[in-house]
Structures are given as structure tokens and as C-alpha cells.
Amino acid sequence: QVQLVESGGGLVQAGGSLRLSCAASVNIFSLKHMGWYRQASGKQRELVAVITNGGSTNYADSVKGRFTISRETAKNTVHLGMNSLKPEDTAVYYCTAKRLGSGSEYWGQGTQVTVSS
């Protein structure tokens with residue numbers, strides 16, 4: 001079992017920044033990838049950013065140039081830097097991971113990000 005614990009959410013004004021963190025209970029190199037999804041009220045969950053075992057990244061078009069996914073391997077932690085935040089970024093953000101071997105998927109409990117206009 002892999003535990004994922006998100007932190008760093010909160011309330012910020014438009015144009016501000018936040019950094020989300022996701023700490024995994026296993027060595028992150030045992031994971032095929034880690035990423036962030038978000039779900040705004042009344043909307044479908046969408047992929048925001050992903051980082052693979054090899055370090056390659058991908059982003060939703062809506063956050064390109066504003067968000068950065070990164071990792072601290074020694075701490076088994078992935079971060080999502082969020083800059084130039086917009087009200088439409090308001091959502092619950094979820095960390096997710098897929099394990100090598102089993103291919104099992106894991107989800108954190110989510111952290112709320114609210115951007116005021």
C-alpha cells in the first residue's frame with residue numbers, strides 16, 4: 001500500500017502563488033509516475049501535471065507556463081508550484097501515483113486551493 005499525503009493548499013488572491021506537496025510512503029522510484037489532478041465544484045476531475053519515473057513532465061494546457069511539477073527524491077516528495085493563480089484554478093487538488101510492478105493506482109485525500117478575484 002502507498003500512502004500519499006498532500007499539503008500546501010489554502011486561500012490566495014488572484015496573481016498569487018502556492019506550492020503543493022505530496023509525500024509518498026515509499027521510494028518514489030518504485031512509482032511509475034506521480035501527478036496532480038484537480039476537481040472544481042460541479043466539474044470533472046482533470047489532469048493538471050504529471051512527472052514520470054524518468055523525470056519527464058506533462059501539463060494541462062490551462063496551466064502551462066504557470067505551474068511546475070518537481071520532486072525531492074530524498075524526501076519521496078513531489079511538489080506542484082503554482083504561480084499567477086487565477087480564480088478558475090480553484091479546486092480540490094489530488095496527488096496520484098502508479099506503482100511499478102503491480103500497476104496499482106493510489107490517491108491522496110486532496111487539498112483545497114481557493115483563488116479569490
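Colleague: What pattern does the protein chain follow, read along the sequence?
Modeller: In this predicted model, the chain reads β-β-β-β-β-β-β-β-β-β-β. That fits the tally of 11 strands and zero helices.

Colleague: Why is the chain called as compact as a globular protein of that length?
Modeller: Its radius of gyration is 13 Å, and the globule rule gives 13 Å for 117 residues, so the chain counts as compact in that sense. As for the box around its C-alpha atoms, that is roughly 45 × 25 × 25 Å along the principal axes.

Colleague: How much of the chain is buried?
Modeller: Buried residues make up 40% of the 117. The accessible surface comes to about 6,100 Å², and carbon and sulfur atoms hold 45% of that.

Colleague: What share of the contacts with a separation of 6 or more comes from residues 24 or more positions apart?
Modeller: That share is 54%.

Colleague: On to the charges. What makes R38 and E46 a salt bridge?
Modeller: Their closest N and O atoms are 2.8 Å apart. The cut-off is within 4 Å, so the pair qualifies.

Colleague: Why is R38 called buried?
Modeller: Buried means under 20% relative accessible area. R38 has 5%, so it is buried. Its partner E46 is at 33%, which falls between 20% and 50%, so E46 counts as partly exposed.

Colleague: Which residues are linked with R38 in a network of salt bridges?
Modeller: R38 is linked with E46, R66 and D89.

Colleague: How do you know that E72 and K75 form a salt bridge?
Modeller: The closest N and O atoms are 3.9 Å apart. That is still within 4 Å, so the pair counts.

Colleague: And are those two residues buried or exposed?
Modeller: K75 has 56% relative accessible area, over the 50% mark, so K75 is exposed. E72, at 31%, is partly exposed.

Colleague: What makes K64 and D61 a salt bridge?
Modeller: Their side chains meet at 3.1 Å, N to O, and the limit is 4 Å, so they pass. D61 is exposed because its relative accessibility of 65% is over 50%. K64, at 48%, is under that mark but above 20%, so K64 is called partly exposed.

Colleague: How many salt bridges does the count come to?
Modeller: Five.

Colleague: How far apart are the mean positions of the positive and negative charges?
Modeller: There are 12 positive and 7 negative charges, and their mean positions are 5 Å apart.

Conventions: Residues are numbered from 1 along each chain as its sequence is written. This is a predicted model: local features need pLDDT of at least 70, side-chain atom pairs count only at pLDDT 80 or more; totals for chains, interfaces and linings use all residues. Side-chain values use heavy atoms; hydrogens and water are left out. Helices (H or I, at least four residues) and strands (E, at least two) are DSSP runs, numbered from the N terminus. The radius of gyration is taken over C-alpha atoms; the globule rule is 2.2 Å times the number of residues to the power 0.38. Buried means under 20% relative accessible area, exposed over 50%, partly exposed in between (1.4 Å probe, protein chains only). Contact means heavy atoms within 4.5 Å. Accessible areas come from the Shrake-Rupley method with a 1.4 Å probe; for residues, only the protein chains shown count as cover. Lys and Arg count as positive and Asp and Glu as negative; His and the chain ends are not counted. The place of a charge is taken as NZ of Lys, CZ of Arg, CG of Asp or CD of Glu.
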